[in-house]
Amino acid sequence: MKHILIKTGIVAAAMLTFAACDNSEYELDNLIPDEYKRVVSIKDAPTGDMELFDVGLGMKSSFTIIRSGGDPSLEAATSIATMTQEELTAINGNYVLLDPSYYTIPTDVNFAPNEGYKIINVEFEADKIVEIRNKIEEIDTPHTGKSYYVALKLVQKGETTVNSEKYYILRRVVVSDPVLQFSISGNETFKGKSMDLTVSVPFDNDFDVAWDIEFESASVEADNGTSSKAIGSSLEGKVLRRALPLEAITNADVKTLEPGINSMSYTVNMPEGTPYGTYYFNVKFGNASLNGAPIETNTGDLEATIRFDYWPGVDVASTNSSATALAEYATVVPQADMTFVPESQQNSDPAAQAIDGNVTNKWENSWGGGYGTTSLPFNAALDLGSEQTVTMVEIWRRNDSMVTDLANVECYAAESLDYSDKENIKYTNLTYLGKLDFEGSSDRVRVFPVPTTNTRYLLFYFGASGRGNAVSIADMCVWTPKVAEQPEEPENPEENPGENPETPAE
C-alpha cells in the first residue's frame with residue numbers, strides 16, 4: 001500500500017507540473033503515445049457459425065469493426081486479410097480454411113474523423129453457395145470432425161494500431177435449405193386469455209416469403225358421428241367440439257413475409273362477452289415459397305386441431321388449482337342437487353362422500369364389505385339434478401399415502417342414465433369429454449376443463465389405478481361457465497327537452 005501511495009503522489013505531482021507549463025508544449029495530445037491514438041478491433045465473438053441458405057440467390061454475413069483510441073478526431077485505417085491454413089491449424093487442427101475466392105470482402109477499411117465503427121459484409125454469390133455445400137459434403141463433416149471456416153484478421157495499416165486481443169474472426173460455414181417455421185407441429189392446447197401462432201424464417205429475410213394457411217371452425221360433433229375410440233377413449237361416443245369464433249383470430253388473412261420482416265403472429269383475442277370455456281378451431285398450413293420457389297416448412301403440410309382453454313386469470317389445469325381461484329370465471333353446481341352412483345362401493349367409504357364437500361373422507365370402490373366389482377374397469381353415474389352447462393370437473397384425491405389410487409378417469413356426457421341397478425348402469429348417446437388424467441403426479445386436486453356441453457348426466461369410466469384395482473375420490477365438483485364482463489354501454493337517451501328518459505322496468 002505504501003508503494004502505491006508513493007507512485008500516486010508522483011503521478012499527481014507530474015500532472016501539476018504539466019499544468020503549470022506552457023500548454024503548447026504539454027498538451028494532453030502529446031501525453032498519448034501515437035500507437036494509442038487510433039485503435040481498431042473486431043466487436044463480434046471470435047468464433048461462431050455463419051449459416052448460409054441455398055435459395056438460388058446471393059447472401060451475406062456481417063461483422064463489425066470498432067475504431068477507438070485517444071484521439072477520435074484523427075482518421076484511421078486497417079486492412080482485412082485471410083488467415084493462412086497454418087495460422088488456422090494452430091488454433092484448431094480440424095478447421096479447414098475456406099478459400100477466399102468463394103466470397104468477396106473489402107480489403108481496406110477507412111474511418112473518417114469521429115467515425116466509430118464499420119459494418120463489414122462477407123458476400124456470397126448463389127453459385128458459390130452451392131459449391132461450398134458440395135465441398136462441405138465432400139469432407140464428410142460428421143465423421144471427420146472437420147469444418148470449413150471463413151478466417152479473417154485485421155492487419156495494421158499506417159499509424160493505426162490493431163488490438164492484439166480482438167483482431168480475428170472465425171466463422172464455421174454451414175449451408176442449409178430455407179425452412180419456414182410454424183410455432184405448432186400438431187394438435188396442441190393453449191391456455192389463458194390469448195394465444196399466438198407464429199410464422200418465421202431463421203435468417204435475415206431479404207426475400208418474399210409466402211404460405212397457405214386456412215382457419216376453420218371446429219364442428220360441434222365429429223363428422224358422421226366418429227367414434228371417440230379414435231382419440232383414445234374406451235366407450236363409444238361422439239366427439240364434442242365447441243367452435244372458436246373465427247373473428248377472434250387477428251391477421252387471419254396475412255400469408256406473406258415481405259423483405260425485412262422475419263416473423264408474424266396470428267393472435268387469438270376472444271371478443272368481449274364470450275363465455276369462459278374450452279374452444280376449438282382447425283388450422284391448415286403449408287405450401288411455403290421463397291421468391292416464388294417452393295421451400296420446406298418445419299411441419300410439412302399440417303392439418304391440426306387447436307384447443308384453447310379460455311380462462312384469462314388462472315391456469316385451471318395447474319397443480320393444486322384452488323376452487324376459489326375459479327369463482328370469477330365459473331359457478332359450481334350445488335353438490336346437494338347431485339347424485340353419485342358408482343358400479344362398485346366399499347360400504348365403509350360410500351359414494352355419497354364423493355360429493356359431500358368434505359375432502360377428508362372419500363368414496364372407494366369395493367374390496368370387501370361392499371357391492372359391485374372388485375376389479376377394473378367399471379362405470380359411475382353422476383346425476384347433476386338438472387341440465388347444466390358443464391365446462392370443468394374438479395376432483396380431489398384421498399388425503400393419505402394412497403393418494404395415487406385415482407390415476408385417471410374418462411368423462412362422458414350422456415343423454416340419459418339409468419342407475420336403478422347400481423351394479424349395471426345403463427346409458428344412451430354418450431359424448432366424450434376427455435380423460436381427466438393426473439399424469440402420474442401426487443397432486444391432491446386438479447380442475448379439468450372439458451368441452452363445454454349442456455347435459456344433466458355425466459358418466460365416468462374408471463379403467464386405471466395407481467394402486468392395483470383401487471380407485472377413490474375424496475370430493476368432486478362440476479362447474480358451469482360465467483360470461484366475460486362487457487363494458488357498460490353509455491347512456492344515450494333521445495333528446496326530448498322537457499322530458500326525462502323513462503326508467504327501465506326492473
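**Exercise 1. Place threonine 267 in the fold and describe its surroundings.**

Solution. Threonine 267 belongs to strand S18, which covers residues 263-269; helices (H or I, at least four residues) and strands (E, at least two) are DSSP runs numbered from the N terminus. The model is predicted, so that local features need pLDDT of at least 70 and side-chain atom pairs count only at pLDDT 80 or more, while totals for chains, interfaces and linings use all residues. Residues are numbered from 1 along each chain as its sequence is written, and side-chain values use heavy atoms, with hydrogens and water left out.

The next step is accessibility, where buried means under 20% relative accessible area, exposed over 50% and partly exposed in between (1.4 Å probe, protein chains only). Threonine 267 counts as buried because its relative accessible area is 17%.

Next come its partners, a contact being heavy atoms within 4.5 Å. When neighbours within four places in sequence are set aside, threonine 267 touches Met195, Asp196, Ala248, Ile249 and Thr250.

**Exercise 2. Determine on how many sides of helix H4 the buried residues Ile129, Ile132, Arg133 and Ile136 lie, after checking the span of the helix.**

Solution. Begin with the length: the expected span is 1.5 Å times one less than the number of residues, so the 13 residues of H4 (residues 126-138) should span 18 Å, and the 19 Å between its end C-alpha atoms agrees with this.

Then list the buried residues in H4, which are Ile129, Ile132, Arg133 and Ile136. They lie on the same side of H4, because they cover an arc of only 105° around the axis, the arc being that of the directions from the helix axis to the C-beta atoms. An α-helix has 3.6 residues a turn, so residues three or four places apart point the same way.

Finally, look just past the helix, where aspartate 140 adopts a positive phi of about 50°.

**Exercise 3. Identify which lysines sit over tyrosine rings, and at what distance from the ring centre.**

Solution. The criterion is that NZ of Lys or CZ of Arg lies within 6 Å of the ring centre and within 35 degrees of the ring normal. Lysine 128 places its charged end over the ring of tyrosine 102, 5.5 Å from the centre, and lysine 422 lies over the face of tyrosine 371, at 4.4 Å from the ring centre.
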